[in-house]
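Student: Please take a close look at the empty space enclosed inside this protein. Which residues and elements line the largest cavity?

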Amino acid sequence: MSDRPKIGLVLSGGGARGAYEVGVLRYVREMLKVDTTFDVVTGTSVGAINGAYVAATCDRPRAQGRALARVWAELSIDEVYRFGWQQLRELPRVLFGRDLPKVPHGAKIGGLVDGRFLEQIVRNRIPWTGITENLRRGKLHAMSCAATEVATGISTIFVQTARGRIPEHWPTVPNETVVHTAITAAHALASAAIPALFPAVRVGDQLFVDGALRQNTPLRPAMRLGARRLLVVGLKHAESPMLKRRRQREQAQFVYPNAFFLLGKVLDSLMLDKVEADLDRIERINRMIEAGTREFGPEFAPRLASAMGREQGFSHVHTVLIRPSQDLGKLAWDVIEQGKLSRYSGVVARWIRRSVAAEQAGGGESDLGSYVLFDPDYVREAIALGFEDARSHHAQLLELFDR
């Protein structure tokens, strides 16, 4: 693998929106008909779970997409968000806190819902030993996932590499720490633990929650792990900020900002990150390297890095960004409006239906629904959209994987 540019897969966080990533993966694995090896896999939140599956099964790539789609099809709102008498009894502790119990690595604390169903899916349907085995056999170079440490709010990047150590020259970044470890179900569950809704997870001697609070699209860790070609899957609709603001303001004229509406906007804000800024920075550096090499020869990049005191040199990074061509909030709205949630009887399903009813006058989208709608119909639509959006990037994907 060392003789060719390493290719990285970067998966974003976004709850039920993660089904979109499965659609992109299916197209890549099933339709490109070329070697689609990912040397580096990084993910945050639901992207950490999808990414762990990819890393653990990368020795059988053609089967990955369909198998992961089947796992997603098993999810249901009532199972993912169980809420009963036990959660009701624990509500004061969740809301007001109590003495912190001593629990081992991988144990969960708090949370408004019983997340055991999702935990069982993550623990049992991902062959976790496959990550270490694929690293050992050279099928994978590195995998990482991000979580947020509860005590400090610092973003922690959990890394597992074939060499058994963090790469040299990993830059020190404020409010970020890097830990080399064998990545387990506990790390992925911690990365996906939406604060308050799902329990925090103890990893080592600290509690962790959703990594998307700090780093929703882990593009930089992929580069620091050696990837020079990146497939980045975003979960935000490719809409200009100005048009989105105008549309949302028009809809808000008809909707009183109830708790459900506001919670959706809060989740939207939490999942925002700087992926566009990161991609723009990469493109500027690429142009600088190309121009400098034309003017001063192939020694330009290493000499510039040396002059700037950088231990790691500048290099060209090829990126392909695939993100929803349609608003996933609109997709969720359509599924909910068709009455397909009537088959659920749980508290969260009723909550979602009421939130849509409260937003009826504005119409058109449900931000909250797009994050929490672990429903087979929504999952199927999101996977199909990811598949078609990847199809629209067919030529770019072929160029990315051109060895």
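**The enclosed cavities**

Tutor: In this predicted model, helix H2 (46–56), helix H3 (61–73) and helix H6 (116–125) each contribute at least two residues to the lining of the largest cavity. Of these elements, H6 gives the most, with five residues. The space inside the largest cavity amounts to about 370 Å³. Its lining is made up of 29 residues, and those closest to the centre are Ile49, Leu118, Val122, Leu189 and Ala192. By character, the residues of this lining comprise 22 nonpolar, four polar and three charged.

The search that reveals such spaces can be put simply. When a probe the size of a water molecule is rolled over the atoms, it shows where empty space is left. Here the count comes to four cavities of 30 Å³ or more.

The second largest cavity has a volume of about 70 Å³. It is lined by 13 residues, of which Leu9, Leu11, Glu21, Leu25 and Val54 are the closest to its centre. Strand S1 (6–11), helix H1 (19–31), H2 and strand S9 (227–233) each supply at least two residues of this second lining. The largest share comes from H1, which provides five residues. The lining of the second largest cavity divides into eleven nonpolar residues, one polar and one charged.

Helix H2 therefore deserves attention in both descriptions, as at least two of its residues belong to the lining of the largest cavity and at least two to that of the second largest cavity.

Definitions and conventions:
Residues numbered from 1 in each chain as written. Predicted model: local features only at pLDDT ≥ 70, side-chain atom pairs only at ≥ 80, totals over all residues. Heavy atoms only, no water. 1 Å grid on protein atoms, 1.4 Å probe; cavity = no way out; pocket = protein on both sides within 12 Å on 5 of 7 lines; lining within 4 Å. Points joined across faces, edges and corners; volume = space filled by probe spheres on them. Helix = DSSP H or I, 4+ residues; strand = E, 2+ residues; numbered from the N terminus. Nonpolar A, V, L, I, M, F, W, Y, C, P; charged D, E, K, R; others polar.
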